Each structure stands twice: as structure tokens, then as C-alpha cells.
Amino acid sequence: MGQSNKLGVWILTALVVGNMVGSGIFMIPRSLSEAASPLGVLLGWLLTGFGVLMTALVFGNLALRKPHLTGGPQIYAKELFPRGSHAGTLSGFMASWGYWIGNFAGNIAIITTFASYLSTFFPILTSQAELFTFGNNVVTTGNLMTFIVCTILLWGTHFIILSGMEHAGKLNFAATAAKVIGFFLFIIIGLFAFQKANILPFSAPRFDEAGNTIGLYGQINSAAITTLWAFIGVESAIVFASRAKRPADVKRATVLGLLIALAIYIGISMLVMGMLDQKTLIASEKPLIDAIETVMGPVGGQILAILGLISLFGSTIGWVWLSAEVPYQAARQGLFLPSFLKENKKGLPVYSLVITNLLGQLFVFSTISNSISNAFDFIIFIATLAYLVPYFISSVFQLKLVITGETYSKMASRITDGIIALLSTVYSIWVIIAGTADIKTFTFGVILLASGIVFYGKVAPLRLKTEKELS
């Protein structure tokens with residue numbers, strides 16, 4: 001690939017921001033308001049921002065010190081063990097498996113948010129008219145219509161990608177431009193419509209399902225877990241590291257993209273809390289639209305809804321493609337099932353794309369018996385926890401390099417990178433523990449991650465073959 005076809009720091013930064021600022025910006029303000037008071041939300045953002053910044057610096061350091069290891073943070077798992085060992089193969093496979101699960105589960109969060117914003121024009125998507133029941137579940141007209149819309153978007157995106165990446169790339173670029181315009185308009189209007197009374201009391205207790213009081217620490221804990229979803233995608237520049245003009249651009253883009261996204265998220269989430277009273281915000285299925293309608297009426301909501309739909313459509317294209325690329329690239333390195341190597345005539349990983357979307361379809365069924373907001377909340381917890389495994393592994397690998405001194409010639413750099421890696425590791429462990437405190441989330445997360453063991457037997461021989469070819 002010629003230098004003219006390589007990605008510069010600004011393109012890489014745009015990839016990071018574009019992938020990070022997706023469905024979360026539209027639904028997280030509601031989730032956060034339910035989880036914490038305004039003070040808890042703000043502190044949760046700052047805590048998560050600091051933790052993810054440490055992880056972003058780890059990604060950047062590894063891109064500089066191990067530029068040949070590209071394809072995503074999960075690739076570092078096999079480097080924790082001797083080359084060609086079963087332990088390295090198993091860890092690489094499980095990390096890739098978890099990262100893949102996080103991707104296709106996260107896609108459904110974007111798709112369900114798309115359906116939520118489409119209800120602005122088609123209220124039938126929120127209809128509570130009962131159609132039928134199965135077991136203890138009641139299926140409403142809105143649930144069924146949401147399921148149909150999500151299914152169409154998922155498989156429509158599937159065929160757009162199969163038509164060629166050039167076509168899909170143009171659609172994604174247009175959607176990103178619309179996203180920037182929409183957020184700019186929202187921030188300008190929100191500054192004038194902000195009402196201090198809506199965020200008062202600034203610090204107040206929240207209550208769990210049993211009616212127990214949740215203090216500020218508990219609120220920060222819940223908010224930090226929820227806000228972590230907003231930062232998924234911070235590793236995007238790492239995934240595209242092999243296409244970067246310079247390894248240093250990957251680190252710059254990762255950190256810069258993170259800071260831009262953090263500013264957008266904090267600004268919009270706090271503005272929404274000031275535009276809607278807390279009860280209204282917690283009950284909202286489309287908080288940004290409801291907020292803008294308080295100022296501009298239905299017309300403002302419709303304009304923002306259109307921009308939101310375009311933005312979410314673009315995010316769906318990007319993440320569905322990335323989700324299919326993860327197991328395909330892992331398979332090329334002998335860390336995933338060999339069947340995922342199958343390509344079509346255009347060189348697209350068609351088998352990986354089909355399987356990824358079939359599994360995603362299973363998550364779409366969650367919209368049948370749950371509201372859009374409940375489905376979103378459940379999915380982001382499962383997806384986020386699945387992502388944390390590769391993030392944790394990356395931090396541990398950075399610690400390994402620091403301890404062994406590999407790639408280092410100066411002690412000062414080792415100390416600095418060691419502190420960063422340690423903070424990132426501690427943060428990852430804390431979020432994993434906090435995020436799995438709920439037994440339902442923990443059980444589903446463990447089942448999804450452990451399910452990969454069933455297929456490992458088909459991966460090990462491929463890995464050994466790949467190692468021999470590289471030798």
C-alpha cells in the first residue's frame with residue numbers, strides 16, 4: 001500500500017470519534033439520570049474518562065512499541081505466553097471471542113436506538129396494544145413493529161456491505177457529517193434552553209428496585225459502568241494501525257479522539273439533564289428529541305430525529321463491518337475458526353458477516369418482550385463487559401513489556417509507561433468487578449464468553465499450522 005493510501009492522524013481521529021459517538025449519545029442521558037444524580041453523573045464521566053484515558057495511552061504505547069501487532073486489542077492476548085503455545089492460542093482465541101461478542105451485541109444497541117428515534121415519525125413503534133402472550137411475556141404492537149424494523153436494518157446493512165466497501169464508505173461519511181451538524185445545533189440550542197432547576201438537587205440519593213437508598217459512591221459506581229459504553233471504539237485507531245502513515249499517529253489519534261468524544265458526551269448529557277426534569281428524562285425513550293422539543297416543539301424534534309437516524313444508520317454500517325472483520329482477522333492469524341476465512345469475489349469476509357448478523361439477530365429478539373430502553377440497558381452491560389477482557393489484556397501486556405524491559409532503552413520511559421499500565425489494569429479490574437455485581441449480568445456474560453470453549457478444538461490445529469508457516 002502506497003503512502004498516499006495511508007491514513008493520517010486526522011482521518012484516524014475521525015474514525016475514533018465516529019465509532020465512539022454512536023448510539024450512546026442518544027440513549028445514555030436517560031440511563032445516567034436513572035442511575036445517578038447530576039453530581040454522580042458528572043463524577044462518573046470524569047472517573048471513566050480518566051480510566052479510559054489510561055487505556056488509550058496503553059493502546060498508543062503498544063502501537064509504537066509493537067507496530068506489527070495490528071487488528072485490535074485482542075491480538076495482544078497470545079503475546080502473553082510463549083510463541084506457539086496452547087496457552088497463547090487459547091488466550092488469543094478467547095480474547096477474540098469476547099471482543100467479537102462485544103461487537104455484535106453492541107450493534108444491536110445501535111439498531112434498537114434507531115428504532116426508538118424512528119418512533120418520532122411512526123408512533124406505532126411505541127404502541128402498548130397487546131397482540132398475544134407467550135409464557136409470562138406480553139407482546140405488544142410496538143414490540144413486534146420494533147422487532148421488524150431492527151431486523152430490516154440489520155440485514156439491509158448486511159447487503160449494503162456486501163455490495164462493496166466503497167459504497168458503504170460513502171454512506172458512512174455522509175452520516176458522520178450529519179452527526180456533526182446535529183450535535184452542533186443541539187449544543188447551541190441547549191445552552192440557551194438550560195434550566196438550573198432541572199438539575200436540582202445536584203446531589204440526591206437514588207433507590208434500587210428493593211427501595212434501598214443508593215448513596216453518591218454507589219451512584220458514581222453505576223454511572224461509571226454506564227458511561228463506559230460511550231468509550232467503546234476508543235481502540236478504533238489500533239484496529240486500523242496497519243493503514244496508518246506513522247505509528248505515532250495512532251497514539252495521537254487515540255488520545256485526541258477520546259478527549260473530543262469525552263467533551264461531546266459530558267456536554268450533551270449535562271445539557272439534556274438541564275432541559276428536562278429528571279422524572280421526564282428517566283421515562284424517555286428518545287431523550288435528545290424530547291429535550292429539543294421543549295424548545296422548538298415537534299418540528300425541532302423531527303429535525304433532530306432525522307439527523308439521529310442518519311447518524312445511527314452510518315454507525316450501524318461501520319460497526320457491522322468491524323464486527324465481521326474481527327473474527328476474520330483473528331482467523332488469518334490462526335486464532336479463530338478457519339471457516340471465518342471464507343471470502344466472496346470482492347474479498348469480503350462473507351461467512352463471518354453472515355454468522356455475525358445471525359447471532360446479532362438473536363439479540364434483536366430482546367425487543368419482543370422488553371421496551372427499547374430496557375433492551376438497550378441490558379445489551380450495553382453485556383457488550384461492555386465483553387469488551388473489557390481485551391482492554392484488560394492490553395494493559396497486562398503493557399505491564400509485561402515494562403517488567404521485562406522489552407523495547408525499552410530508558411528507565412524513565414519504563415516507569416512512566418508502568419504507572420499508566422498499572423492504572424489501566426486496576427481500572428479494568430474494578431469495572432469488571434463492579435459490572436458483574438448483578439448476578440443476571442454476570443451469568444449471561446460468563447455464558448457468552450465461556451461458550452467459545454466449545455469451538456476451541458478446531459482452532460488449535462490451525463494456530464500450530466500458522467506458527468510453522470511463520471517460522
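Good morning. Let me begin with a definition: a residue is called buried when its relative accessible area is under 20%, exposed when that area is over 50%, and partly exposed in between. By that rule Lys 78, at 13% relative accessibility, counts as buried. I should also state at the outset that the structure before you is a predicted model.

Lys 78 brings us to the salt bridges. The whole structure contains six of them. In one, the side chains of Lys 78 and Glu 79 meet, at 2.5 Å from N to O. Glu 79, with 22% relative accessibility, is partly exposed, whereas Lys 78 is buried.

A further salt bridge joins the side chains of Arg 30 and Glu 34, at 3.1 Å from N to O. Both residues belong to helix H2, which covers residues 24-35, and they stand four residues apart, about one turn of the helix. How accessible is Arg 30, buried or exposed? Arg 30 has 2% relative accessibility, and therefore counts as buried. Glu 34 has 41%, so it counts as partly exposed.

The third example is the pair Arg 246 and Asp 249, whose side chains meet in a salt bridge, again listed with its N to O value, 3.1 Å. Asp 249 is buried, because its relative accessibility is 1%. Arg 246, in contrast, is partly exposed, with a relative accessible area of 44%. Which residues are linked in a network of salt bridges here? They are Arg 246, Asp 249 and Arg 252.

I turn now to the surface. Ile 181, Phe 184, Leu 185, Ile 188, Leu 191 and Phe 192 make a nonpolar patch of about 680 Å². Leu 191, one of these residues, is placed in helix H6, which runs over residues 165-193. Its relative accessible area is 57%, and so Leu 191 is classed as exposed.

Helix H6 also appears in the interior. Rolling a probe the size of a water molecule over the atoms shows where empty space is left. The count comes to two cavities of 30 Å³ or more. The second largest has a volume of about 30 Å³. Its lining is made by Phe 26, Ala 178, Lys 179, Gly 182, Phe 183, Leu 304, Leu 307, Gly 308 and Ser 311. Which elements give two or more residues to this lining? They are H6 and helix H11, the latter spanning 287-332. As to character, the lining of the second largest cavity divides into five nonpolar residues, three polar and one charged.

Finally, two points on the backbone. Most residues other than glycine have a negative phi, and most peptide bonds are trans. The bond that joins Leu 200 and Pro 201 is a cis peptide bond, with omega about -5 degrees. Pro 201 is found in the loop between H6 and strand S3, residues 206-207. The other point concerns Thr 407, a residue other than glycine with a positive phi, near 75 degrees. Thr 407 lies in the loop between helix H14, 372-404, and helix H15, 411-435. At 37% relative accessibility, Thr 407 counts as partly exposed.

To close, I would direct you back to helix H6: Leu 191 of the nonpolar patch is placed there, and this helix, with H11, gives two or more residues to the lining of the second largest cavity. Thank you.

Terms used
Residues are numbered from 1 along each chain as its sequence is written. This is a predicted model: local features need pLDDT of at least 70, side-chain atom pairs count only at pLDDT 80 or more; totals for chains, interfaces and linings use all residues. Side-chain values use heavy atoms; hydrogens and water are left out. Patches are made of residues with over 30% relative accessible area and no salt bridge: like charges are joined within 9 Å, nonpolar side chains (Val, Leu, Ile, Met, Phe, Trp, Tyr) within 5 Å. Accessible areas come from the Shrake-Rupley method with a 1.4 Å probe; for residues, only the protein chains shown count as cover. A salt bridge is a side-chain nitrogen of Lys or Arg within 4 Å of a carboxyl oxygen of Asp or Glu. Buried means under 20% relative accessible area, exposed over 50%, partly exposed in between (1.4 Å probe, protein chains only). On a 1 Å grid over the protein atoms alone, a cavity is a set of points where a 1.4 Å probe fits but cannot get out, and a pocket is an open set with protein on both sides within 12 Å along at least five of seven lines; lining residues have an atom within 4 Å of a point. Grid points are joined across faces, edges and corners, and a volume is the space filled by probe spheres set on the points. Ala, Val, Leu, Ile, Met, Phe, Trp, Tyr, Cys and Pro count as nonpolar, Asp, Glu, Lys and Arg as charged, and the others, Gly among them, as polar.
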